[in-house]
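Biologist: Please show me the model. I would like to know how its labels are earned.

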Amino acid sequence: MNIIVVQKIKRDGQPCAKSAKVLGDLNSRGLLPQIHRIVAADEGDPDSEGYELAAQFQVEAAPFFLVERDGGDIQVYEAYARFLKEVFQQEPSEAEEIAEMMAQNPDLDFI
Amino acid sequence: MIQLADPQAIAIDPASLAALEADLATKSPQKILRLVLKQFEAIAISFSGAEDVVLIDMAAKINKDVRVFTLDTGRLHGETYQFIDRVRKHYNLKLEMVFPDAALVEALVNAKGFYSFYQDGHKECCGIRKVRPLRRKLSTLDAWITGQRQDQNPSTRANVPVVQLDTAFSTEDHPLIKFNPLANWTSTQVWQYIRAYEVPYNPLHERGFVSIGCEPCTRAILPHQQEREGRWWWETAKEKECGLHAAINAAQDSPAAIAAQS
């Protein structure tokens, strides 16, 4: 299994907020060594590999995760909580679950 | 499992819900409410303290014991608290107030203060004060009724159906149906109803507030602005910072991409 994380790098050179949070969480869970590559979608370079992957897999927000299984199939995960559950069999915290729900349902707060 | 008064009446598979939507979309909100209040036992109206009060007015005429719940985030306007109490008395409701987990609010405020959303974005606070308690409440219901309308926000609510499987809050073990009886109504129709039936309304509406949420995160809007423009106005740019749209388009339009296509 080959795992790529695509993070967004802003024009100021810093990762976007969600990319930073997710990579921090992967680190605190001790999972970073199992990530094979961290690829940048560099806001200052639309041709950067991260943007090419985003266009190829039609992903609209960072971070996202590409998991290549042994058979060669590549699965795209846009939801961090689902990625954690299915790839690492780890339960996300309720805060992560809620954050994911809100990211996937942008109108959920409008109540 | 969803408990229906008549289990044959409403099926929750996608095809059945689509057929139900096609049927209900042409019906008045009152007829929709009459049907769903009859069919579901564990069903409640979500009341935000704003113009969705029309749902309570309609439902109370059908079933005076209709269940209504409101999220008290702890940050509502004083006018909204007074209005909620007025609605409770006017309709003689046993209004169910839903509160956030005090320990989580305490931890957030102690760590970041009362106004962290102006720096860190509103979602952390909304997650604690709104979405978690809402999820807890909805886990006790089979269906809920909201005042969501298509004209509230063209970018996120243009396709709000009258009935849908609530994919945000459903779980594998507990499907949840969401009814939006006002989906096809306009704001004008809502206010025509409020005036015609002398429905009590939140006095903040008289001061230019259209959508009413928490006090620090809601402001009055100008004529012809969209309702969501009255919320979280300070973070438009921040919210988009993780988006990849612009550069995807740029990458697809780049000389290399065009050359590859030709």
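Modeller: About 680 Å³ of space lies in the second largest pocket. The model is predicted: local features need pLDDT of at least 70, side-chain atom pairs count only at pLDDT 80 or more, and totals for chains, interfaces and linings use all residues. Residues are numbered from 1 along each chain, chains are lettered from A in the order written, and side-chain values use heavy atoms, without hydrogens and water.

Biologist: What makes a set of points a pocket?

Modeller: On a 1 Å grid over the protein atoms alone, a 1.4 Å probe must fit; a pocket is an open set with protein on both sides within 12 Å along at least five of seven lines. Its volume is the space filled by probe spheres set on the points, which are joined across faces, edges and corners.

Biologist: Which residues lie nearest the centre of the second largest pocket?

Modeller: Lys85(A), Met101(A), Thr167(B), Ala168(B) and Ser170(B), out of 20 lining residues. Lining residues have an atom within 4 Å of a point. α4(A) gives the most to this lining, with 4 residues.

Biologist: Why is Cys126(B) in no disulfide?

Modeller: A disulfide is a pair of cysteine sulfur atoms within 2.5 Å. The closest cysteine sulfur, in Cys125(B), is 6.2 Å from that of Cys126(B), so it is too far for a bond. Cys217(B) is in no disulfide either: the nearest cysteine sulfur, that of Cys214(B), is 5.9 Å away. Over all chains, the count is 0 disulfides.

Biologist: Why is Cys217(B) called buried?

Modeller: Buried means under 20% relative accessible area (1.4 Å probe, protein chains only). Cys217(B) has 8%, so the label fits. Cys126(B) is also buried, with 8%.

Key. Helices (H or I, at least four residues) and strands (E, at least two) are DSSP runs, numbered from the N terminus. Buried means under 20% relative accessible area, exposed over 50%, partly exposed in between (1.4 Å probe, protein chains only).
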